[in-house]
Amino acid sequence: MKTRLTRLIFCLFASAACTSTLAEAALIDKLLVVKSEQKLHLLSQGQVIKSYRVSLGKQKGAKQYEGDQRTPEGTYWINWRQHSQKYNLAMHISYPNVHDLKRAYALQRPAGGMIMLHGTPSNDEYPEWYFHTLNWTDGCIALTNDDMREVWDMVQDNTLIEIRP
């Protein structure tokens, strides 16, 4: 925190030369995913600090139950993170919430879980740009590995994430 404060004070005096450092120093207090735009926005006090293109689940619409290959819609938390052998860096989204559990229960199906914000596979057969051009996940939200590293560094655990249609 002290490092962020020092950077912020320096940038205030150094002006325009520190625009990117200001973005890094901003406390990201919310993530907003707009599925129709295929965008992830990092917000600080209601202001968009940075946006990224994302890949989503293979199927359109809100997640109904485990295995439907849809990305959920609703309000969740980034509640833990891990280094992933398959997807490089991954941050867990607290799906399912109460509404998701009720919907799955009504369908007599399990709600599922393990919805992540993650990077792309390290795959010799398919380059990273291939994954970035289509919706390929089983319901997760994927970014390029460079973008995921930035998000990993800027977003703390217990940050709110809202996923909209």
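This tour moves through a predicted model, from the sheet to the rings, the pocket and a few unusual backbone sites.

**Stop 1: the sheet**

Start in cartoon view and colour the strands. Eight of them, in the order E3-E2-E1-E8-E4-E5-E6-E7, make an open sheet with mixed pairing. Find the two edges next. They are strand E3 (47–53) and E7, each of which pairs on one side only.

Now select strand E8 (residues 159–164) together with strand E1 (residues 30–34). These two run parallel and are joined by 5 bridges. Show Val34 to pick out one contact: its bridge partner in E8 is Arg164.

Keep E8 on screen and add E4, residues 74–84. E4 and E8 run antiparallel, again with 5 bridges between them. Two places are worth labelling here. Thr75 stands opposite Glu162 in E8. Trp77 has Leu160 as its bridge partner in E8. While side chains are on display, recall that in a regular strand they alternate between the two faces of the sheet.

**Stop 2: the aromatic rings**

Switch on the side chains of Phe, Tyr and Trp. The structure holds 4 aromatic pairs. Select Tyr87 and Trp136 to see one of them, a tilted pair with 5.9 Å centre to centre and 40° between the planes. Which parts of the chain does this pair tie together? Tyr87 sits in the loop between strand E4 (74–84) and strand E5 (88–93), while Trp136 sits in the loop between helix H4 (128–132) and strand E7 (141–142), so the contact connects parts that are 49 residues apart in sequence. Trp136 is buried, because its relative accessibility of 12% falls under the 20% limit.

Add Tyr130 and Phe131. Their ring centres are 5.7 Å apart and their planes meet at 80°, so this pair is edge-to-face. Check how open each one is to the outside. Phe131 is buried, with a relative accessible area of 9%. Tyr130 is partly exposed at 32%.

Now view the four residues as a group. Ring pairs link Tyr87, Tyr130, Phe131 and Trp136 into a cluster.

**Stop 3: arginines over rings**

Select Arg81 and Trp152. Arg81 lies over the face of Trp152, 4.7 Å from the ring centre. Then go to Arg109 and Tyr65. Here the arginine lies over the face of Tyr65, at 3.9 Å from the ring centre.

**Stop 4: the largest pocket**

Turn on a surface. Rolling a probe the size of a water molecule over the atoms shows where empty space is left. The largest pocket has a volume of about 420 Å³.

Which residues lie nearest its centre? Select Tyr87, Met114, His118, Asp138 and Cys140, out of a lining of 23 residues. Tyr87 should be familiar from the ring cluster.

Colour the lining by element. E4 and strand E6 (115–118) each supply at least two residues. E6 gives the most, with 3 residues. Then colour the lining by class: 9 residues are nonpolar, 9 are polar and 5 are charged.

**Stop 5: Thr120**

Select Thr120, in the loop between E6 and H4. Is Thr120 buried or exposed? It is buried, with a relative accessible area of 2%. Now draw a distance to Thr137. The two C-alpha atoms are separated by 9.7 Å, with these positions 17 residues apart along the chain.

**Stop 6: unusual backbone**

Most residues other than glycine have a negative phi, and most peptide bonds are trans. Three places in this model call for a look.

- Select Tyr95 and Pro96. A cis peptide bond joins them, with omega about 5°. Pro96 lies in the loop between E5 and helix H3 (98–106).
- Select Gln108. It is not a glycine, yet its phi is positive, about 55°. It belongs to the loop between H3 and E6, and at 74% relative accessibility it counts as exposed.
- Select Met114. Its phi is also positive, about 55°, although it is not a glycine. Met114 is found in the loop between H3 and E6. At 48% relative accessibility, Met114 is partly exposed.

End on Met114 with the surface back on. This residue is also among those nearest the centre of the largest pocket.

How values were computed
Residues are numbered from 1 along each chain as its sequence is written. This is a predicted model: local features need pLDDT of at least 70, side-chain atom pairs count only at pLDDT 80 or more; totals for chains, interfaces and linings use all residues. Side-chain values use heavy atoms; hydrogens and water are left out. Rings of Phe, Tyr and Trp (its six-membered ring) pair if their centres lie within 6.5 Å; planes under 30 degrees apart count as stacked, over 60 as edge-to-face and the rest as tilted. Helices (H or I, at least four residues) and strands (E, at least two) are DSSP runs, numbered from the N terminus. Buried means under 20% relative accessible area, exposed over 50%, partly exposed in between (1.4 Å probe, protein chains only). A charge sits over a ring if NZ of Lys or CZ of Arg is within 6 Å of the ring centre and within 35 degrees of the ring normal. Two strands pair if DSSP finds at least two bridges between them. On a 1 Å grid over the protein atoms alone, a cavity is a set of points where a 1.4 Å probe fits but cannot get out, and a pocket is an open set with protein on both sides within 12 Å along at least five of seven lines; lining residues have an atom within 4 Å of a point. Grid points are joined across faces, edges and corners, and a volume is the space filled by probe spheres set on the points. Ala, Val, Leu, Ile, Met, Phe, Trp, Tyr, Cys and Pro count as nonpolar, Asp, Glu, Lys and Arg as charged, and the others, Gly among them, as polar.
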